[in-house]
Amino acid sequence: MLSPNMFSSIIIIVFLMICLTILGKKIQRLDPSKPIKGPLFLVVLFIDMFNNLIQTYYGKRWRTFAPLLITIFIFLAFANTISLVGLSTPLSNINIALSFSLFALLTIQISALVVRTPWKRLKDLSSPSVLLLPVNLIGELSTSVAMGLRLFGNLLSGAVIAVLFMNLLPAVVSIVPVAFVVHPIFNIGFGLVQAFVYFMLLTIFLAMGVQSEEEMN
Amino acid sequence: MLLLAEAVYNADFISGLALLGAGIAMIGGLGSGIGQGFAAGKAAEAVGRQPEASGKITTTMLVGQAMAETTGLYSLIIAFVLIFTT
């Protein structure tokens, strides 16, 4: 039996796979000589905005990392606001949150090893002196763990506060503050901000791992 | 004295102390609150000095505030662990 968090995460994944495949097919069939209309224009604008943001961090390598980062952002944006339709938030389960930090750790380390080659990566990690190598290794580990725990803490606190408000007053009265104050702040506001923050931190740490110091400046 | 020796083995006593510890752990929220306010104040100063860069300043401020929030969230997680596991 799946936990409700896992169940809603699977629902989001299936929904996004179907929707994004349909949108991608529609965008592939577009005529480049005509202006884009309707919701497709919004999708193209959104992807273009994020591509420009990623391009400022990665320079010429942006095309490798942009699909991964934007996919993670879209999944998190849907996962953090899913409780508006009655499903439980996936990230308020510690297992899913820690799997997000495992994902960040593996992404950063593997792409740094592949792009920078292992010898240069070792040189990067022992950058001021060899004595600081263990400290740098702990730093690499703790940033990834903190990224998952941040999502977990924020979304769990949002869920707990919503439940507390629901139980504070009789259900007929408490539906008003929960619907107009708690859900807009803790689900839409904090959820989208946390999705953007996870995306932004993954972008920055991945860029720091992948590029040498001359390329960053 | 007998009362105290009995109280140590009392489950209610232990869970009461755990709840007290959860309350004390949330003092850690103080630091992250001060840090976030400091970041917001500096961002307001920066917008006042250079209004055309306000978009970039807001993004940087949000990311920095989320970083500062992490320590407060650690104390929140510790408080939850103390409440729900004892």
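## Close-ups of a predicted two-chain model

**View 1. Thr117(A) sits in the loop between H4 and helix H5 (118–125) of chain A.** Everything in these views comes from a predicted model. What makes this loop residue worth a panel is its backbone: Thr117(A) has a positive phi of about 65°, and it isn't a glycine. As for cover, Thr117(A) counts as partly exposed, with a relative accessibility of 38%.

**View 2. A salt bridge joins Asp124(A) and Arg116(A).** Staying around the H4 and H5 stretch, the closest N and O atoms of this pair are 3.1 Å apart. Which of the two partners is buried? That's Arg116(A), at a relative accessible area of 12%; Asp124(A) is partly exposed, at 29%. By the residue ranges, Arg116(A) belongs to helix H4 (94–116) and Asp124(A) to helix H5 (118–125).

**View 3. Here's the whole of chain A, for orientation before zooming back in.** Chain A is built from eight helices with zero strands, so the order of its elements from the N terminus reads α-α-α-α-α-α-α-α. Its C-alpha trace spans about 65 × 55 × 35 Å along the principal axes. Of its 217 residues, 38% count as buried. Take the chain A contacts with a separation of 6 or more, and 70% of them come from residues 24 or more positions apart. The chain exposes about 12,600 Å², with carbon and sulfur atoms supplying 75% of that area.

**View 4. Helix H1 of chain A, end to end.** H1(A) covers residues 4–28. Its 25 residues reach 36 Å from the first C-alpha to the last, close to the 36 Å expected at 1.5 Å a residue. Which residues of H1(A) are buried? They are Asn5(A), Ser8(A), Ser9(A), Ile12(A) and Leu16(A). The cover over these buried residues includes H3 and H4 of chain A. When you look along the helix, keep in mind that an α-helix has 3.6 residues a turn, so residues three or four places apart point the same way.

**View 5. A nonpolar patch lies on the surface of chain A.** The patch comes to about 680 Å². Leu2(A), Met6(A), Phe7(A), Ile10(A), Ile11(A), Val14(A), Ile18(A) and Ile22(A) make it up. Let's take Met6(A) as an example: this patch member is placed in H1 of chain A and is partly exposed, with a relative accessible area of 32%. That clears the bar for patch membership, because patch residues need over 30% relative accessible area.

**View 6. Leu91(A) in the largest nonpolar core.** This core holds 48 residues, and Leu91(A) and Tyr198(A) touch the most other members. Which elements each supply at least two residues of the core? From chain A there are H1, H2 (39–58), H3 (62–80), H4 (94–116), H6 (133–168) and H7 (171–210), joined by helix H4 (54–85) of chain B. In general, nonpolar side chains tend to be buried together in soluble globular proteins. Leaving out residues up to four places away in sequence, Leu91(A) touches Leu76(A), Ala79(A), Asn80(A), Ile96(A), Ala97(A), Phe100(A), Leu151(A), Phe152(A) and Leu155(A).

**View 7. Ser83(A) is in the loop between H3 and H4 of chain A.** Loop or not, Ser83(A) is buried, at a relative accessible area of 17%. What does Ser83(A) touch, once residues up to four places away in sequence are set aside? Its contacts are Thr89(A) and Asn187(A).

**View 8. Asp31(A) pairs with Lys34(A) in a salt bridge.** A search of the whole structure turns up four salt bridges over all chains, and this is one of them. The closest N and O atoms are 3.9 Å apart. Asp31(A) is partly exposed, at 37% relative accessibility, whereas Lys34(A) is exposed, at 56%.

**View 9. Over in chain B, Arg49(B) meets Glu45(B) in a salt bridge.** The N to O distance here is 4.0 Å. Why are the two about one helical turn apart? Because they're four residues apart in helix H3 (residues 29–49) of chain B. Arg49(B) is exposed, with 67% relative accessibility, and Glu45(B) is partly exposed, with 43%.

Conventions. Residues are numbered from 1 along each chain as its sequence is written. Chains are lettered from A and ligands numbered from 1 in the order in which they are written. This is a predicted model: local features need pLDDT of at least 70, side-chain atom pairs count only at pLDDT 80 or more; totals for chains, interfaces and linings use all residues. Side-chain values use heavy atoms; hydrogens and water are left out. Patches are made of residues with over 30% relative accessible area and no salt bridge: like charges are joined within 9 Å, nonpolar side chains (Val, Leu, Ile, Met, Phe, Trp, Tyr) within 5 Å. Accessible areas come from the Shrake-Rupley method with a 1.4 Å probe; for residues, only the protein chains shown count as cover. A salt bridge is a side-chain nitrogen of Lys or Arg within 4 Å of a carboxyl oxygen of Asp or Glu. Buried means under 20% relative accessible area, exposed over 50%, partly exposed in between (1.4 Å probe, protein chains only). A nonpolar core is a set of buried Ala, Val, Leu, Ile, Met, Phe, Trp, Tyr and Cys residues joined through side-chain atoms within 4.5 Å. Contact means heavy atoms within 4.5 Å. The expected span of a helix is 1.5 Å times one less than its number of residues.
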